[in-house]
Amino acid sequence: MEHKPQTDIATLGEFGLIHHLTKEAPLRNSSSLKGVGDDAAVLDYDKKRVLVTTDLLLEGIHFDLTYVPLKHLGYKSAVVNFSDIYAMNGQPRQITVSLGISKRFSVEDLEELYAGIRLACDIYGVDLVGGDTSASMTGLTISITCIGEGDEGKIVYRNGARENDLICVSGDLGAAYMGLQLLEREKKIFAGEQDFTPAFEGKEYILERQLKPEARKDIIAELAKRNIVPTAMMDISDGLSSELLHICRQSNTGCRIYEERIPIDYQTAVMAEEFNMSLVTAALNGGEDYELLFTVPLGCHDDVAAIPGVHIIGHITAPSLGLYMITRDGNEIELRAQGWNSLSDENTDSNKNIETEN
C-alpha cells in the first residue's frame, strides 16, 4: 500500500476534527432544519411519525480492520442503520455519528471512514446532522443513530403476523456469512506468509455482501407501489431463524418454511462446499444479509410474487403448531435461534456479526 503522510488528530482538536469531517455534509431533506455546528440538530416532521434506531460497533467485536477497509466500514455502519428504518416501512432521513478513537488513527484514517459514511448518505438520500468524538483506549468505536419518518397507519412492527400470512424474504441468504468465513480464512493464512495474495477471485459477490451490504430501499418502494403494507417485518441481521422466531413469538404464532424455497446464491453454495459447511445452516443462522423478512396476507400472493427479488418461503400457522422448517425430503426440523449473541463469552472473530437491535 502507498504510504501517505498522516496527520495527528490532536493538531485539529475535537471541534476542528468534527468540522473537518463534516464540512461537506449537505442537507437534502426538508425535515433537516439545522445540521452540524450547534448544540443539537433541528428537525421538523410535521405530521409524520418519527423513527429512531441506534447501532454501536466495537473494533474486535463487530469488525476486524485487518481486512475491513475504513471506507467500507463507514458505508456499512450507515447502511445497517438505514436498514432498520426500512424494516419499519419507513424512510431514513438523518444520522448522527459518534466515534471513540485511539491514538493509532490519523486524520486521514477518519477521512476514509467518513468518505464511506458520506457515500451511503449520498446514495440513500440521508443527511449527516451531528455526532461526537472522544478518545478511546480500546481501538475504534462507532455509534450511529438514524432518524427516519413513516406514514401513520403504514409503520410495520414485528407483532402483526397472523395465521395464514405468507412469509417472504428479499434477495438471497447466507452470502455475508460465507464472505466472513472466507476473510477469516485468508487472514489466518496471511499471518504466516510474507508475500501473500488472498484467494478472492470468483468470490467477489460474497465479499461485497459482507464488506459493503445494501439496505433494501427498493423493496420498500415496490411494496408501496403495489399498496402492500406487510403485517410484520424485520431486517435479517442475525439470521433468518432468529428473526423469524422474533416475529412469531411477538405475534403469538407458529410458522412453516420450506428448505427448497430459501434463496441462496451460487457463490454462497460453492463456498459452503469448500468449507464443508451446511448450506442451509449458513442461510438460516449466518446473519448480516440485511435482507427484509416480512409477512403479508394470503390475498397479496400474486402481487408480492411479482416483485423482483422477493421469495415466498412459507406461511404463518397457529401457535400450537410450533415453528418448523420442512426439509427437501419432507421432514420437519424445529427452528432455533442460533444467531450471534454480542454478550456471549464465546465470541470469536469467526462468528461475529453486527447486532442491530434498537
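These legends go with a set of close-up views of a predicted model.

**View 1. A four-strand open sheet with mixed pairing.**
Reading across this sheet, the strands come in the order E3-E6-E4-E5. The edges are taken by E3 (49–58) and E5 (127–135), each of which pairs on one side only. From one strand to the next, the twist averages 15 degrees. E3 and E6 (residues 141–150) run antiparallel and are joined by 10 bridges. If you want one pair to zoom in on, valine 52 has isoleucine 147 in E6 as its bridge partner.

**View 2. Helices H2 and H3 on the four-strand sheet.**
H2 (residues 70–86) packs on the sheet and touches E3, E4 (91–101) and E6. The direction of H2 makes about 145 degrees with that of E3. H3 (residues 107–124) lies across E4, E5 and E6, and its run is at about 170 degrees to E4.

**View 3. Leucine 73 and the largest nonpolar core.**
This core has 63 residues. Leu73, Phe82, Ile95, Ile142, Phe294 and Val304 are the ones with the most contacts inside it. H2 supplies the largest share of the core, with 8 residues. Zoom in on leucine 73 and, leaving out residues up to four places away in sequence, you find it touching Leu57, Phe63, Leu65, Val68, Leu113, Leu140 and Ile142. Another core, of 24 residues, lies apart from the largest one, and Leu173, Met234, Ile247 and Leu335 are among its members.

**View 4. Lysine 48, just where a loop meets residues from elsewhere in the sequence.**
Lysine 48 sits in the loop between E2 (42–43) and E3. Its relative accessibility is 32%, so lysine 48 counts as partly exposed. Along the sequence, lysine 48 and aspartate 151 are 103 residues apart, yet their C-alpha atoms are 5.6 Å apart in space. Not counting residues up to four places away in sequence, lysine 48 touches Glu149, Gly150 and Asp151.

**View 5. A seven-strand open sheet, again with mixed pairing.**
The order here is E8-E10-E7-E11-E9-E12-E13. E8 and E13 (332–334) stand at the edges with a single partner strand each, so one side of each has no neighbour in the sheet. The twist averages 25 degrees from one strand to the next. E7 pairs with E10 (residues 292–296) in the antiparallel sense, over 4 bridges. Within that pairing, leucine 166 has valine 296 in E10 as its bridge partner.

**View 6. Strand E11 and its partners.**
Of the 8 residues of E11 (residues 310–317), 6 are buried, so the strand is largely enclosed by the rest of the structure. E7 (residues 166–170) runs antiparallel to E11 and is joined to it by 5 bridges. Here isoleucine 167 stands opposite glycine 314. E9 also pairs with E11 in the antiparallel sense, this time over 4 bridges, and arginine 256 stands opposite histidine 315 in E11.

**View 7. Helices H6 and H7 on the seven-strand sheet.**
H6 lies across E7, E8, E10 and E11. Its run is at about 15 degrees to E10. H7 lies across E7, E8, E9, E10, E11 and E12 (323–326), running at about 150 degrees to E8.

**View 8. Two asparagines with positive phi.**
Most residues other than glycine have a negative phi. Asparagine 227 has a phi near 55 degrees, and so does asparagine 252. Asparagine 227 is in the loop between H6 (217–225) and E8 (232–235); with 69% relative accessibility, it counts as exposed. Asparagine 252 is in the loop between H7 (240–251) and E9 (254–258); with 57% relative accessibility, it counts as exposed.

**View 9. Where helix H5 crosses helix H8.**
H5 (residues 204–211) and H8 (residues 266–274) pack at an angle of about 95 degrees, with 8 Å between their axes. H5 and H8 are therefore roughly perpendicular to each other. On the H5 side you have Glu204, Tyr205 and Ile206, which meet Gln267, Thr268 and Met271 in H8. By type, the residues of this contact divide into 3 nonpolar, 2 polar and 1 charged.

Terms used
Residues numbered from 1 in each chain as written. Predicted model: local features only at pLDDT ≥ 70, side-chain atom pairs only at ≥ 80, totals over all residues. Heavy atoms only, no water. Pairing = 2+ DSSP bridges. Helix = DSSP H or I, 4+ residues; strand = E, 2+ residues; numbered from the N terminus. Axes fitted to C-alpha atoms, helices over the stretch in contact; angles between N-to-C directions. Contact = heavy atoms within 4.5 Å. Parallel < 35°, antiparallel > 145°, perpendicular 65-115°, else oblique. Nonpolar A, V, L, I, M, F, W, Y, C, P; charged D, E, K, R; others polar. Core = buried A, V, L, I, M, F, W, Y, C linked by side-chain atoms within 4.5 Å. Buried < 20%, exposed > 50% of the residue type's maximum accessible area, 1.4 Å probe, protein only.
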